[in-house]
Amino acid sequence: MTRASLTRLAVAGATVVGVAALTMGTAAASPAPQSGKHDQKPGPSVPVRLLTINDLHGNLEPPTGSSSRILDPNGPLTDDAKGTQTGLPGGKYSIAGGASYLAAHLKQLRDANTLLVAAGDLIGASPLLSAAYHDEPTVALLDKLGLVTSSAGNHEFDEGIDELNRIMNGGCHPVDGCSPAGQWTGTSFDYLGANVLKEGNGDYALPPFYVKKINGVKIGFIGLVTQTTPNIVTAAGIKGLQFTEEVAAANKVSKYLAKHGVKAQVVLVHEGDNITPNQDPSSCPVVPGNGSRIATGLDPQIDLVISGHSHQAYVCKVKDPAGQDRVYTQGSSFGRAITQIDFRVDRRTKDVIRSSVVAKNNVVTRTVTPDADTEAYIKTWQERVSTVANKPIGKITANIGRGNNVGETPLGDLIADAQLEATKDGGNAEIALMNPGGVRTDLTYAQSGSEGDGVVTYGEAFQVQPFNNLMQVVTLTGAQLKALLEQQIWTVDPATGGITQRILQPSSSLTYTFDTTKPVGSRVSDIKINGTAVTDTQQIRVAANNFLVGGGDGFSVFTQGTNLWSGPLDIDAFVAYMGAHSPIAPPATGRINLIR
């Protein structure tokens with residue numbers, strides 16, 4: 001199906017289903033059970049195989065460190081010192097991922113009945129190799145690998161809807177121009193977003209579905225992105241868009257597809273669940289959350305749910321509203337797994353025979369021969385970006401890491417210090433705060449560099465901060481700063497002892513106590529700036545990236561700030577700080593007196 005015919009179908013879907021209904025902000029009531037919809041006296045059937053990926057994040061080169069490891073019952077790595085250091089106690093693991101290995105495994109798994117689909121975040125938060133060219137290298141490769149369609153993920157909106165449309169439709173970047181590959185021609189696949197609407201008129205901002213015919217039967221794919229996208233993407237990235245509740249949006253499209261004869265339906269949703277750690281990637285250790293809510297609430301007409309966003313690997317069966325089994329999957333992240341789903345479609349009913357569905361996660365091991373064409377493709381882009389990536393920007397004296405990303409961390413502190421220094425002149429910043437989710441990897445002393453160990457290159461720094469966020473400064477009162485810090489999260493699961501937390505990383509100028517044993521709203525005390533106690537009425541200039549200043553990660557108090565000032569990109573602030581203070585030792589933590 002061409003993009004033009006898909007667009008006509010999408011527009012027709014909006015007309016028939018009704019725009020007003022699709023802009024509902026809350027879930028519609030669960031559909032009445034449809035007993036016996038599936039598997040009644042099946043007639044002649046045809047096979048279909050889906051291969052699915054999610055959360056690739058532009059990882060063309062093999063990921064490293066903990067991002068390269070995945071629990072694998074057949075893996076060669078057991079619980080050793082390396083496993084302990086990365087917080088993976090017990091089990092067997094494989095080193096996985098990398099586009100050339102992904103391509104090789106896809107070739108092994110493909111047959112004549114195969115469609116390759118995805119569940120979002122294929123681009124965004126990407127390594128420099130892809131991000132330097134606005135992820136054109138990644139989407140071009142996905143085209144080469146035969147991707148049919150994908151749901152949009154929240155990171156597909158990092159540069160806004162106009163940029164996402166450019167990626168799909170072609171044209172060189174409006175600011176940076178054409179990449180070394182020349183004029184960008186767009187993709188042969190579309191990103192889907194049945195719950196992404198234009199503000200004001202309720203029209204679809206993206207195609208809501210895609211229909212593909214294979215072996216004489218039609219498969220309908222409905223795309224969804226997490227409705228929390230406005231809270232986790234910069235305000236500029238979601239400008240002009242409305243993100244509605246997922247189940248209601250998908251059910252409207254499902255009814256339209258069924259009415260037009262498309263009975264075999266798959267939801268690609270960029271939302272998922274967390275899991276009990278260290279489990280077989282083809283098992284179902286999910287801790288029910290938003291992913292399960294969606295997977296169980298969708299109309300019984302929908303046969304499969306392929307998820308993403310939480311970067312976990314699982315293969316589950318849930319009950320749909322009619323009480324029938326429905327397979328619900330996710331395939332890790334960074335190209336470490338390919339989810340394989342085999343099923344048969346009844347030619348008479350045009351529907352999936354639910355009892356035929358078999359799914360598993362295949363680990364993308366690096367024990368196979370990498371795909372030669374993909375290796376050559378990546379090498380070309382490595383040569384193109386090497387001048388930028390290999391430039392030394394400073395030195396470190398030891399590893400500077402994120403720890404377990406729990407509470408305050410040395411690397412988080414370092415980045416906050418860099419942001420404060422970059423915003424003092426012009427922005428008059430007094431403190432800086434960094435969101436921990438924006439610190440994507442560690443700075444490792446033993447990386448190879450042109451000058452030996454300890455050298456930090458631009459490419460390594462970019463891997464730490466890949467978002468190209470803008471540094472901004474706003475004025476908050478002392479009372480507002482306390483309210484902002486009270487929005488930090490720290491909870492402990494009494495059953496597992498697991499910690500859910502979101503603690504802002506502070507610059508050295510800020511100290512305070514955060515007592516997790518006290519009730520939410522009264523956990524923060526003894527706030528000081530450069531050793532002086534903060535008063536409620538005090539006016540404080542607070543630096544943060546534009547994601548946080550826009551209220552990202554739920555820190556809504558930032559939006560109460562006044563006298564907004566914008567400065568350099570966060571990566572530029574980090575690079576400048578590294579150059580000015582090299583060699584840099586890991587900062588001592590203790591800016592937050594964390595009581596737990």
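**Exercise 1. Determine which cysteine is joined to Cys284, and what the geometry and placement of the link are.**

Solution. Start from the sulfur atoms: Cys284 and Cys316 form a disulfide, with an S to S distance of 2.0 Å, where a disulfide is a pair of cysteine sulfur atoms within 2.5 Å. The model is a predicted one, in which local features need pLDDT of at least 70 and side-chain atom pairs count only at pLDDT 80 or more, while totals for chains, interfaces and linings use all residues. Residues are numbered from 1 along each chain as its sequence is written, and side-chain values use heavy atoms, with hydrogens and water left out.

Next, take the torsion: it is 100 degrees about the S-S bond, and the link of Cys284 and Cys316 is right-handed. Then place the two ends: Cys284 lies in the loop between β12 (274-275) and β13 (286-287), whereas Cys316 belongs to strand β15 (residues 313-319), so the pair ties together parts that are 32 residues apart in sequence. Helices (H or I, at least four residues) and strands (E, at least two) are DSSP runs, numbered from the N terminus.

Finally, consider accessibility, for which buried means under 20% relative accessible area, exposed over 50%, and partly exposed in between (1.4 Å probe, protein chains only). Cys284 is partly exposed at 40%, while Cys316, at 2%, is buried.

**Exercise 2. Find how many disulfides there are by this rule, and state which pattern they follow.**

Solution. The count comes to two disulfides. Besides the link of Cys284 and Cys316, there is a disulfide between Cys172 and Cys178, with an S to S distance of 1.9 Å. The torsion about the S-S bond of Cys172 and Cys178 is about 85 degrees, so this disulfide is right-handed. Cys178 is partly exposed, its relative accessible area being 41%. With bonded cysteines counted along the chain, the pattern is 1-2, 3-4.

**Exercise 3. Establish how the axes of α6 and α11 are arranged, and which residues meet there.**

Solution. Axes are lines fitted to C-alpha atoms, for helices over the stretch in contact, and angles run from 0 to 180 degrees between N-to-C directions. The axes of helix α6 (residues 136-144) and helix α11 (residues 372-389) come within 12 Å, crossing at roughly 165 degrees. Angles under 35 degrees count as roughly parallel, over 145 as roughly antiparallel, 65 to 115 as roughly perpendicular and the rest as oblique; α6 and α11 are therefore roughly antiparallel to each other. Their crossing is right-handed, a crossing being left-handed if the near helix is turned anticlockwise from the far one by less than a right angle, and right-handed if clockwise.

With contact taken as heavy atoms within 4.5 Å, Glu136, Pro137, Ala140, Leu141 and Lys144 of α6 meet Thr374, Tyr377 and Trp381 of α11.

**Exercise 4. Carry out the analysis for α9 and α10.**

Solution. Helix α9 (residues 246-259) and helix α10 (residues 290-297) have axes that come within 9 Å and cross at roughly 30 degrees. This makes α9 roughly parallel to α10. The contact involves Glu246, Val247 and Asn251 from α9, together with Arg293, Ile294 and Gly297 from α10. The crossing of α9 and α10 is right-handed.

**Exercise 5. Describe the surroundings of Thr513, beginning with its place in the chain.**

Solution. Thr513 sits in strand β26 (residues 510-515) and, at 10% relative accessibility, counts as buried. Leaving aside neighbours within four places in sequence, Thr513 is in contact with Arg523, Val524, Ser525, Asp526, Asn593 and Ile595. With Asn593 there is also a polar contact, side chain to side chain, at 3.2 Å; a polar contact is a pair of N or O atoms within 3.5 Å, where, within protein, one must be able to donate a hydrogen and the other to accept it, and residues adjacent in sequence count only if both atoms are side-chain atoms.

**Exercise 6. Examine the backbone at His57, Asn278 and Pro583.**

Solution. As background, most residues other than glycine have a negative phi, and most peptide bonds are trans. His57, although not a glycine, has a positive phi of about 50 degrees; it lies in the loop between β1 (45-53) and β2 (69-71) and is buried, with a relative accessible area of 1%. Asn278 has a positive phi near 65 degrees, is found in the loop between β12 and β13, and is partly exposed at 27% relative accessibility. The peptide bond from Ser582 to Pro583 is cis, with omega near -5 degrees, and Pro583 is in the loop between α16 (570-581) and β31 (592-595).
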